[in-house]
Amino acid sequence: MNLAVIGIGYVGLVTGAVFADLGNMVICVDNMEEKVRMLENHEMPFYEPGLEEIVAINHEDGRLSFSTDLADAVRRSEIIFIAVGTPPMDDGQTDLSYVEAVAAEIGRNINDYKIIVNKSTVPVGTGEMVKDIINRFKPSNIDVDVVSNPEFLSEGTAISDAMSPDRIVIGAPNKRVAMKLIELYSTMEKPMVITSVRSAEMIKYASNAFLATKISFINSIANLCDRVGADIEEVTRGVGLDSRIGNKFLRAGIGFGGSCFPKDTESLLYVSRKYGAEIEIIDASIRVNRKQPDILMKKAADALGGLEGKTIGALGLSFKPGTDDLRESNALAIVSALLTAGATVRVYDPMAMEKCKPMCPDATYCEELYKVAEGADAVMLLTEWNKFKHLNFNRLRELMSGDMFFDGRNIYDPQVVRRAGLRYYGIGRGADG
Ligand code: UDX
């Protein structure tokens, strides 16, 4: 099929590349010329494992192209995906101005019947709004249908998530459109959930908010474990083996970040309040998450007798491993808070340091992970990159001037850390100090 994907962000680029890989002709459109030029040279605008390869192969084979010409892409495509940013506003509601602008452009340039697919995460009712905008600008004799087809990819595993999703949600206004989308996705051989447009829009928010709530729930249990002398890692093993609960998204730590969970929970809460059906549990999840970095900060301040003048080594900056994305990163929030408290912070991240430098110029950036430990009173693990999983704690301890290790993601066996003469502090695992 001939497809256009408008907006070359995470979702847009991955979606475009994967559809091209499945044999479609795809034009990815963005209004940033620089981004288009970079992609034509197979330079990625962000780091995502496997993306460069799949973009290069499909671009070279002629199935994937990049353009700033939205009008041309609209005219040449039967299905047009909208994958532009939907950033949060100060009050939590979703800023739909990019979606609105693209809808107007599609309307102005439409030349025959098209299916418009919303891939961006947008509040319930946006599908109808997009259709209204297109209708305002298009010639009256041309028809469009608007579909909601939310994306569930996670950063770091985006390609495999998009190639092999748990389910494909298609919110279609009629059977004919649903059939067309089913045909597009048929090669994936995955369960498809066909719903109304509004239900599909809600599925995306409900999924993300549920996962975010699962994390805040387990973090709250972890904080209580600290007080009562239980170990959250033992607790989650026992809880997660109940097949009704499952063990995924039950990892306690410094809280959730990224471009989706924080913004989508805020947006769902805003919409629920607007309609007089406030989802109080989401409000609580957000509040728990905002406080979670402070738990580690307080442990460090208490153990070190204050943070001012201390040297802290920090491992990890990105909001999760496998990405250089720093949006809403609680790792970065902790580094910034340590600096504000008067500590010297020596940081290392395998991917995110260059992006971080302008945002956090006062940190000391180390070119090698063990360098964070040089002269450090304490070292903190903030993002659980694979390369941090097998640390040589003896080497770390020798380089440090203090003996405290804070495991913000509970990835280490406390006994292994202790054997190197370090004091171990996790989240919800009791404390040494
Ligand atoms: C998420 C959803 O998983 C994805 O389906 C949606 O399309 C976009 O939002 P992403 O933001 O890439 O994906 O990352 P995810 O792996 O879900 O992690 C989000 C945050 O939660 C990270 O900060 C991660 O560290 C944290 N997290 C995750 C935990 O703290 N504990 C867990 O058990 C799982």
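What follows is a chat about a predicted model and the ligand it holds.

Visitor: Hi! What kind of model is this, and how are residues numbered?
Guide: Welcome! It is a predicted model, where local features need pLDDT of at least 70, side-chain atom pairs count only at pLDDT 80 or more, and totals for chains, interfaces and linings use all residues. Residues are numbered from 1 along each chain as its sequence is written, and side-chain values use heavy atoms, with hydrogens and water left out.

Visitor: Let's start with the ligand. How many residues surround it?
Guide: There are 19 residues around the ligand, and the closest are Phe152, Glu155, Lys204, Arg251 and Lys320. A residue is near a molecule if one of its heavy atoms lies within 4 Å of it.

Visitor: Which polar contacts does the ligand have?
Guide: Among them are three through oxygen atoms of the ligand. A side-chain N or O atom of Lys204 is 2.9 Å from a ligand oxygen, and one of Ser154 is 3.1 Å from a ligand oxygen. With Glu155 the partner is a polar backbone atom, 2.7 Å from a ligand oxygen. A polar contact here is a pair of N or O atoms within 3.5 Å; within protein, one must be able to donate a hydrogen and the other to accept it, and residues adjacent in sequence count only if both atoms are side-chain atoms.

Visitor: And how much of the ligand's area does the protein cover?
Guide: The protein covers 94% of the 660 Å² of accessible area that the ligand has on its own. Those areas come from the Shrake-Rupley method with a 1.4 Å probe; for residues, only the protein chains shown count as cover.

Visitor: What sort of residues make up that shell?
Guide: Nine are nonpolar, four polar and six charged. Ala, Val, Leu, Ile, Met, Phe, Trp, Tyr, Cys and Pro count as nonpolar, Asp, Glu, Lys and Arg as charged, and the others, Gly among them, as polar.

Visitor: Where do they come from?
Guide: Domain 1 (2-195) and domain 2 (211-425) each supply at least three residues of the shell; those bounds come from an automatic or database domain assignment. Helix α9 (residues 197-228) gives the most, with three residues. Helices (H or I, at least four residues) and strands (E, at least two) are DSSP runs, numbered from the N terminus.

Visitor: Back to Ser154. Where is it, and is it buried or exposed?
Guide: Ser154 sits in the loop between β6 (144-148) and α7 (158-163). Ser154 is partly exposed, with a relative accessible area of 28%. Buried means under 20% relative accessible area, exposed over 50%, and partly exposed in between (1.4 Å probe, protein chains only).

Visitor: New topic: strands. What does β1 pair with?
Guide: Strand β1 (residues 2-6) pairs in the parallel sense with β2 over five bridges, and with β4 over four bridges, also parallel. Two strands pair if DSSP finds at least two bridges between them. Ile6 stands opposite Val29 in β2, while Val5 has Phe81 in β4 as its bridge partner.

Visitor: Why is β2 called largely enclosed?
Guide: Because four of the five residues of strand β2 (residues 25-29) are buried, it is largely enclosed by the rest of the structure.

Visitor: Which way do the side chains of β4 point?
Guide: In strand β4 (residues 79-82), Ile79 and Phe81 point one way and Ile80 and Ile82 the other, and all are buried. Strand β4 also runs parallel to β5, joined by four bridges, with Ile80 opposite Ile116.

Visitor: What about the sheet with β12 in it?
Guide: That one is an open sheet of six strands, in the order β11-β10-β9-β12-β13-β14, with parallel pairing. Its edge strands, β11 (364-365) and β14 (423-425), each pair on one side only. Four bridges join β12 (residues 378-381) to β13 (residues 404-407), and Leu381 stands opposite Asp407.

Visitor: Last one: what is the phi of Phe249 and of Glu328?
Guide: Phe249 has a positive phi of about 55° although it is not a glycine, and Glu328 has a positive phi near 50°. Phe249 lies in the loop between α10 (232-240) and α11 (261-274) and is partly exposed at 35% relative accessibility. Glu328 lies in the loop between β9 (311-315) and α13 (330-340) and counts as exposed at 52%.
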